[in-house]
Amino acid sequence: MQRTIAMVLALAVGAPAAAQTVRVGFLGVYSGAFAPLGEYIDKGAKLYMKNNADKLPPGVKIELVVRDAGGPNPDKAKQLVQEMVVRDKIQILTGLVFTPNALAIAPLATEAKLPTAIMNAGASVITTRSPYLARFSFTLWQSSYPLGQWAAKKYKSAYILVSDFGAGHDSEAAFEKGFSDGGGQIVAKVRMPLQSPDFVPFMQRVKDTKPDILFAFIPAGKQATAIMKAYGELGLDKAGIKFIGPGDITTDEELPNMGDVALGALTAHHYSAAADRPANKAFVAAWRKEYGANSTPNFMAVGAWDAMDAIYQAIREQRGKIDPDKTMEIFKNYTNPNSPRGPIAIDPETRDIVQNEYIREVRRVGGQLANVEIETIPHVKDQWKELNKQK
């Protein structure tokens with residue numbers, strides 16, 4: 001009897017906090033080589049919160065419980081999420097920069113019934129690992145597969161270079177299928193170390209092979225500049241080898257560091273800071289007002305912005321009283337016709353994002369390098385799931 005009374009009292013004490021303060025776990029990356037990636041996600045989320053505080057129900061506030069995974073570190077990610085669930089009593093989880101971390105926490109999300117809004121991690125398989133995961137970012141199949149189809153109409157041979165982890169493997173497989181199905185020939189496939197690779201030897205092999213195009217995927221950020229500079233230093237551009245890939249190879253914030261060698265690079269991606277959509281112009285203006293006129297948001301910032309929009313919607317519709325299954329239903333039916341990247345929605349069957357993909361070319365606009373959208377592929381689902389549906 002005493003134990004039952006104690007349990008009732010504990011629930012009674014916890015209920016008002018749940019109704020007034022929603023605890024959102026934020027698993028980011030703030031240290032190590034990939035800290036700049038985590039910085040953009042952190043800034044995107046906090047910018048949304050600052051600019052949309054009035055969209056919460058009266059009397060309800062969000063408490064972010066922030067933790068640092070330090071990079072692709074699945075064991076640490078699992079430990080941190082366990083602590084946030086047990087000790088911090090988080091009700092929603094978000095962040096998740098890297099695929100290995102997202103895969104590691106998937107069983108915890110299922111066990112704890114923890115609604116999880118993925119802001120970045122891009123391997124297709126992630127959302128199949130738990131019914132409590134929804135992705136508001138992208139998959140590598142969304143960009144790499146249609147890019148392969150598009151490239152096969154213009155080029156005959158391709159060399160594939162990718163970072164050796166889940167997202168890289170997806171990008172490789174997706175481009176290869178799209179390009180080969182279109183009649184193109186893959187002359188070589190090479191996987192590079194994820195951490196601190198020296199791109200020069202890899203570029204030399206590409207140059208010696210003389211393909212029409214080099215398709216590459218690496219984690220966005222500083223590695224994008226490093227691989228672009230290696231491409232230029234070894235003269236692959238002058239040898240007539242076109243550089244293409246998903247948007248990670250020409251991330252908006254790194255373009256100023258790349259120099260003219262990036263001109264003409266072709267990518268498929270769901271976002272460009274240079275896009276002239278009104279929602280994107282407003283987003284970029286808000287970003288620069290907050291973080292400086294010379295700062296440029298990227299696709300990771302937009303993934304964070306849109307995931308927070310979905311979290312705010314779930315909180316509004318439940319008036320701050322978070323039920324895990326109701327939250328997932330809201331996530332699964334989320335739509336936004338005016339995201340900075342264009343219209344987006346979550347596919348309720350897969351809990352993955354549906355969005356436009358843009359074929360982009362690096363050009364000089366107003367004296368600055370920019371990813372200019374030259375073609376639109378509308379309403380793209382995760383192609384891996386589409387191709388692997390049960391017949």
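This is a conversation between a student and a tutor about reading helix packing, aromatic pairs and backbone angles in a predicted model.

Student: What should I know before I start reading this model?

Tutor: The model is predicted, so local features need pLDDT of at least 70 and side-chain atom pairs count only at pLDDT 80 or more, while totals for chains, interfaces and linings use all residues. Residues are numbered from 1 along each chain as its sequence is written, and side-chain values use heavy atoms, with hydrogens and water left out.

Student: How are two packed helices described?

Tutor: By the angle between their axes and the distance between the axes. Axes are lines fitted to C-alpha atoms, for helices over the stretch in contact, and angles run from 0 to 180 degrees between N-to-C directions. Helices (H or I, at least four residues) and strands (E, at least two) are DSSP runs, numbered from the N terminus.

Student: At what angle do the axes of H3 and H4 cross?

Tutor: Helix H3 (residues 74–86) and helix H4 (residues 99–112) have axes that cross at roughly 30° and come within 8 Å. H3 and H4 are therefore roughly parallel to each other. Angles under 35 degrees count as roughly parallel, over 145 as roughly antiparallel, 65 to 115 as roughly perpendicular and the rest as oblique.

Student: Which residues make that contact?

Tutor: Contact means heavy atoms within 4.5 Å. From H3 come Pro-74, Ala-77, Lys-78, Val-81, Gln-82 and Val-85, and from H4 come Pro-100, Asn-101, Ala-104, Ile-105, Leu-108 and Ala-112.

Student: How do H7 and H8 cross?

Tutor: The axes of helix H7 (residues 199–209) and helix H8 (residues 222–233) cross at roughly 45° and come within 9 Å. That makes H7 oblique to H8. On the H7 side, Phe-199, Val-200 and Met-203 meet residues of H8, including Ala-226, Ile-227 and Tyr-231.

Student: Now the rings. How many aromatic pairs does the structure hold?

Tutor: There are 16 aromatic pairs. Rings of Phe, Tyr and Trp (its six-membered ring) pair if their centres lie within 6.5 Å; planes under 30 degrees apart count as stacked, over 60 as edge-to-face and the rest as tilted. Tyr-48 and Trp-305 are one edge-to-face pair, at 5.0 Å centre to centre with 85° between the planes. Tyr-48 lies in helix H2 (residues 35–51) and Trp-305 in helix H11 (residues 299–317), so this pair ties together parts that are 257 residues apart in sequence.

Student: Are Tyr-48 and Trp-305 buried or exposed?

Tutor: Buried means under 20% relative accessible area, exposed over 50%, partly exposed in between (1.4 Å probe, protein chains only). Tyr-48 counts as buried at 1%, and Trp-305 is buried at 15%. Another edge-to-face pair is Tyr-271 with Phe-283, at 6.5 Å centre to centre and 80° between the planes. Both Tyr-271 and Phe-283 are buried. One aromatic cluster includes Tyr-48, Trp-305, Tyr-271 and Phe-283, with Trp-287 also among its members.

Student: What sign does phi have in most residues other than glycine?

Tutor: Most of them have a negative phi. Leu-96, however, has a positive phi near 70°. Leu-96 is found in the loop between strand S3 (92–95) and H4, and at 1% relative accessibility Leu-96 counts as buried.

Student: Where is Arg-319, and what is its phi?

Tutor: Arg-319 has a positive phi of about 55° although it is not a glycine. Arg-319 is in the loop between H11 and helix H12 (324–332), and at 67% relative accessibility Arg-319 counts as exposed.
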